[in-house]
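Reader: I would like to go through this structure one question at a time. Where should we start?

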Amino acid sequence: MEFQRGFDELFLIEENIKRISYKIHESAIKANKDPRQIILVAVTKTVTPEKIDKAIECGIKVVGENRVQEAKEKKEKVKNEAQWHMIGHLQRNKVKYAVELFSMIQSVDDFELAKEIDKRAKEKNKIMDVLIQVNIGNEITKSGITYDKAEELIKNVASLENVKVKGLMAIPPFCENTEKVRPYFQKMYELFLRIKEKKLHNTQMEYLSMGMTHDFDVAIEEGANMVRIGTGIFGERKR
Ligand SMILES: *Cc1c(COP(=O)(O)O)cnc(C)c1O
């Protein structure tokens, strides 16, 4: 019966991706946006390579991981092509590997970290795309630069040659009632637009990465064009 269960789990991934894609479509239409411009990042922390392969077969183009070591081990085993994004807190001593593994680091919140990314990217002759993570709810438990200091950090990061700022990322406070999260998404979108309008050197405000399983519809309505979904695709995480 092991086989049967495995089969069902893979089938569920397919169903989940269809359902979420449909909801993304609906929210985009509501927000007057082209649904094709919303990127669905499948968050694969704790998810097996086999399931990641299945998700990619179902149309997933971007995979998001939280830990460098875990990503490294799994990426070797995943057969299908995808972009891998780092979405978790990045330690400086892991940057060297992160620059090899990922096409984007969404969690840059500190200039020292950005300088290390620049240095390691230079060694590899690579330009590393990054998002600046903003701690929009000012939560002590969460990473991210504060809202007030975001612009200054962006300007500093933009001065680095081998790092390219491509937008912003945020994890707002969790609220059961997603209407309570809406103001945080709105505030992020305002910041995103404000910086975009300034047309800063070496800065492209292309991606606004916010919204997870329980609130991605609200995030899209408020301007997100990249959503990061784990549980909604792969089911509850066991760890
Ligand atoms: C785990 C995680 C997600 C996905 O969360 P779900 O609620 O499972 O969709 C998104 N972003 C980050 C940074 C995460 O760590």
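Reader: How many Å is an oxygen atom of the ligand from an N or O atom in the side chain of Asn66?

Author: This is a predicted model. Asn66 is among the residues that surround the ligand. A pair of N or O atoms counts as a polar contact within 3.5 Å. The side chain of Asn66 meets that limit, with its N or O atom and the ligand oxygen separated by 3.0 Å.

Reader: Which residue has a polar side-chain atom 2.5 Å from an oxygen atom of the ligand?

Author: Arg228 places a polar side-chain atom 2.9 Å from the ligand, but its partner there is a nitrogen atom. The residue with an oxygen partner at 2.5 Å is Thr231.

Reader: What share of the ligand does the protein bury?

Author: The ligand sits in the second largest pocket. Taken alone, the ligand exposes 390 Å², and the share of this that the protein buries is 91%.

Reader: How many charged residues are in the shell around the ligand?

Author: The surrounding residues include Lys45, Arg228 and Arg237. By class, the shell has five nonpolar and four polar residues, and the number of charged residues is three.

Definitions and conventions: Residues are numbered from 1 along each chain as its sequence is written. This is a predicted model: local features need pLDDT of at least 70, side-chain atom pairs count only at pLDDT 80 or more; totals for chains, interfaces and linings use all residues. Side-chain values use heavy atoms; hydrogens and water are left out. A residue is near a molecule or strand if one of its heavy atoms lies within 4 Å of it. A polar contact is a pair of N or O atoms within 3.5 Å; within protein, one must be able to donate a hydrogen and the other to accept it, and residues adjacent in sequence count only if both atoms are side-chain atoms. Accessible areas come from the Shrake-Rupley method with a 1.4 Å probe; for residues, only the protein chains shown count as cover. On a 1 Å grid over the protein atoms alone, a cavity is a set of points where a 1.4 Å probe fits but cannot get out, and a pocket is an open set with protein on both sides within 12 Å along at least five of seven lines; lining residues have an atom within 4 Å of a point. A molecule sits in a cavity or pocket if more than half of its atoms lie within 2 Å of its grid points. Ala, Val, Leu, Ile, Met, Phe, Trp, Tyr, Cys and Pro count as nonpolar, Asp, Glu, Lys and Arg as charged, and the others, Gly among them, as polar.
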